[in-house]
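Subject: Structure for you to look at

Hello,

I am handing over the structure below, followed by notes on what was found in it. Please read them with the coordinates open.

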Amino acid sequence: MEHEIDIYTDGACKGNPGPGGWGALLRSGTREKELFGGEPSTTNNRMELTAVIRALECLRRPSRVVVHTDSQYVQKGIAQWVQTWKARGWKTADRKPVKNEDLWRELDALAARHQVVWKWVRGHAGHPENERADALANRGVEQLCGN
């Protein structure tokens, strides 16, 4: 797995729930790829998860990946909580169904194909790649809303 990729992701929602967008910047050496999209009725957490899923779907071979996200929900969910949820049959500690289970299952399966390091970055703090991912997520919303 000599291939290393940095992925920067973000989600956006106008209203929660409401129209939402997701964005991802993939970088390997000097090569970059931008991705974005949206959904007409969704939540911010779903868009944060979707951004990472869509980025990982682009990887054609097992890679060393560093995912940079400003979502503690995504970072802690995949790095800390998902194994416990799976062991409990996708239930939380208080035996309620895990929210966004469909996306967590998809993310868990995609991440298993790679060596992934999950890094949280502070959003809207001048981090250039996070700002780009945020702009891409907002483009995803704008294409839905016709702006």
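What covers the buried residues of α4? Before the answer, one caution: this is a predicted model.

The cover over the buried residues of α4 includes β1, β2 and β3. The helix spans residues 128-145 and lies across those three strands, running at about 140° to β2. Its buried residues are E129, N130, A133, D134, L136, A137, N138, G140 and V141. The length of α4 was also checked: 18 residues at 1.5 Å each should span 26 Å, and the C-alpha atoms at its ends are 26 Å apart, so the two agree.

The sheet

Five strands make up an open sheet with mixed pairing, in the order β3-β2-β1-β4-β5. β3 (31-42) and β5 are its edge strands, each pairing on one side only. From one strand to the next, the twist averages 20°. Between β1 and β2 the pairing is antiparallel and runs over eight bridges; T9 stands opposite A24 in β2. Helix α1 packs on the sheet as well, touching β1, β2, β3, β4 and β5, and its direction makes about 155° with that of β1.

The core

The largest nonpolar core has 30 residues, and those touching the most other members are I7, L56, W104, L107 and W118. Two or more residues each come from β1 (4-13), β2 (18-28), α1 (44-57), β4 (64-69), α2 (72-87), α3 and β5. The largest share, seven residues, is that of α1. For W118, the contacts beyond four places in sequence are V52, L56, V67, Q75, I78, A79, L107 and A111. Two of the other residues with the most core contacts, L56 and L107, are thus in the list for W118.

A buried loop residue

Is H114 buried or exposed? This histidine sits in the loop between α3 (101-111) and β5 (115-120). Its relative accessible area is 9%; since buried means under 20%, H114 counts as buried. Leaving out residues up to four places away in sequence, H114 touches L56, L59, R61, P62, S63 and V65. L56 therefore turns up again here: it is in contact with H114 and is one of the core residues that touch the most other members.

Regards

Definitions and conventions:
Residues are numbered from 1 along each chain as its sequence is written. This is a predicted model: local features need pLDDT of at least 70, side-chain atom pairs count only at pLDDT 80 or more; totals for chains, interfaces and linings use all residues. Side-chain values use heavy atoms; hydrogens and water are left out. Helices (H or I, at least four residues) and strands (E, at least two) are DSSP runs, numbered from the N terminus. Buried means under 20% relative accessible area, exposed over 50%, partly exposed in between (1.4 Å probe, protein chains only). Contact means heavy atoms within 4.5 Å. A nonpolar core is a set of buried Ala, Val, Leu, Ile, Met, Phe, Trp, Tyr and Cys residues joined through side-chain atoms within 4.5 Å. Two strands pair if DSSP finds at least two bridges between them. Axes are lines fitted to C-alpha atoms, for helices over the stretch in contact, and angles run from 0 to 180 degrees between N-to-C directions. The expected span of a helix is 1.5 Å times one less than its number of residues.
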